[in-house]
Amino acid sequence: MYQAYKHNVVTVLFPVYSYVTDGTVAMTVSLILFIWPTDIKLLWREGENIPLVQWRPHMTERFPWQLVFLTMGTNVLAAGSEAGGLADWIAEVIQVLEVIPPWVMMILISIFLSIITEFIGNSLIVMVFLPILAKFAERSLVNPIYYMLPATTCSMLSFMTPVASPLTALVHSTGLVTTRQMVLTGAVPKFICLLLTLLFVNTLGDVVFQVRSFPVWAAANKTVLKL
């Protein structure tokens, strides 16, 4: 009975079910904050509603709009790269690197992504480079997890620049931490985390994911791209 009622309510509010995403929840909560009163007693006595969040001055003066544009920009670039076939093309171009031993290639990928993530944002790296690495690994008969796991981990080691991630941009936007301080402070944990990633991928990663063997599911997905 409850499930049927819940289904009917959702169908009425959202006729197209695919429109209901994580963003729906975020937008709903945001709208509630613009309506919910800060003082219910004042609203009851005088009929004046002062919401928790107001456009002025909260949104116009205090809201970090640069974070919104940073996140939107990385998502748009990643979606455009995937839809335009950029991942397939790059995987075809870098196929000449398959002569490099997989363990050396894994180290090079980890170092490269841990550096580049400080300049273009980790979300863009994950959304663009992971499909490329997956296709490259399948073509090279290497377990895709062997490249994708350290790549994902290293792309999150973004401690040193404001543009590395929304969190570092938020910290820098407060004005309490300078870029120089972020670079000097973040260099040591980045180096330590990079070494730990390389160590665990080649030890514990092999035990859990069998990264040194080419899996059946990757062989089934292996196709020859025609560009």
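A cavity is a set of grid points where a 1.4 Å probe fits but cannot get out, whereas a pocket is an open set with protein on both sides within 12 Å along at least five of seven lines. With that in hand, a search of the whole structure finds 1 cavity of 30 Å³ or more. The structure is a predicted model.

**Fold overview**

The chain holds 13 helices and 0 strands. Read from the N terminus, its elements run α-α-α-α-α-α-α-α-α-α-α-α-α. The chain has 227 residues, and 30% of them count as buried.

**Pockets and the cavity**

Rolling a probe the size of a water molecule over the atoms shows where empty space is left. The table sets out three such spaces.

| Space | Volume | Lining by class | Top contributor |
|---|---|---|---|
| Largest pocket | about 400 Å³ | 8 nonpolar, 2 polar, no charged residues | H2, 5 residues |
| Second largest pocket | about 200 Å³ | 11 nonpolar, no polar, no charged residues | H7, 5 residues |
| Largest cavity | about 30 Å³ | 4 nonpolar, 6 polar, no charged residues | H5, 3 residues |

Start with the largest pocket. Which residues line the largest pocket? They are Gly23, Ala26, Met27, Ser30, Leu31, Phe34, Met59, Phe63, Trp65 and Val68. Two helices, H2 (22-33) and H5 (65-83), each supply at least two residues of this lining. H2 gives the most, with 5 residues. The lining of the largest pocket has no charged residues. Gly counts as polar, so Gly23 falls in the polar class. Ser30 is polar too, because Ser is not on the nonpolar or charged list.

The second largest pocket is lined by Ile90, Ile94, Leu97, Met105, Leu108, Ile109, Phe112, Leu113, Phe129, Ile132 and Leu133. Here helix H7 (102-120) and helix H8 (122-139) are the elements that give two or more residues. H7 leads with 5 residues. By class, this lining has 11 nonpolar residues, with no polar and no charged ones.

Now the largest cavity. Its lining is made of Leu70, Thr71, Thr74, Gly121, Asn122, Ser123, Val163, Ala164, Ser165 and Pro166. H5 and H8 each supply at least two of these residues. The largest share, 3 residues, comes from H5. The class count for the cavity lining is 4 nonpolar and 6 polar, with no charged residues.

H5 thus serves two of these spaces: it supplies at least two lining residues to the largest pocket, and at least two to the largest cavity. H8 gives two or more residues to the second largest pocket, and at least two to the largest cavity.

**A nonpolar surface patch**

Turn to the outside. Val188, Phe191, Ile192, Leu195, Leu196, Leu199, Phe200, Leu204, Val207, Val208 and Phe209 make a nonpolar surface patch of about 1,100 Å². The elements that give two or more residues to this patch are helix H11 (179-202) and helix H12 (204-209). H11 provides the largest share, 7 residues.

Leu199 is one of the patch residues. Leu199 lies in helix H11. Is Leu199 buried, partly exposed or exposed? Leu199 counts as partly exposed, because its relative accessibility is 47% and the partly exposed class lies between 20% and 50%.

**Individual residues**

Asp88 lies in helix H6, residues 86-93. Its relative accessible area is 22%, so Asp88 is partly exposed. The cut-off for buried is under 20%. Asp88 and Phe136 are 48 residues apart along the chain, and their C-alpha atoms are separated by 8.9 Å.

Two loop residues have an unusual backbone sign. Most residues other than glycine have a negative phi. Leu141 has a positive phi, near 60 degrees. Leu141 sits in the loop between H8 and helix H9 (144-155). With a relative accessible area of 53%, Leu141 is exposed.

Gln210 also has a positive phi, near 50 degrees. Gln210 is placed in the loop between H12 and helix H13 (216-221). At a relative accessible area of 41%, Gln210 is partly exposed.

How values were computed. Residues are numbered from 1 along each chain as its sequence is written. This is a predicted model: local features need pLDDT of at least 70, side-chain atom pairs count only at pLDDT 80 or more; totals for chains, interfaces and linings use all residues. Side-chain values use heavy atoms; hydrogens and water are left out. Grid points are joined across faces, edges and corners, and a volume is the space filled by probe spheres set on the points. Patches are made of residues with over 30% relative accessible area and no salt bridge: like charges are joined within 9 Å, nonpolar side chains (Val, Leu, Ile, Met, Phe, Trp, Tyr) within 5 Å. Accessible areas come from the Shrake-Rupley method with a 1.4 Å probe; for residues, only the protein chains shown count as cover. A salt bridge is a side-chain nitrogen of Lys or Arg within 4 Å of a carboxyl oxygen of Asp or Glu. Buried means under 20% relative accessible area, exposed over 50%, partly exposed in between (1.4 Å probe, protein chains only).
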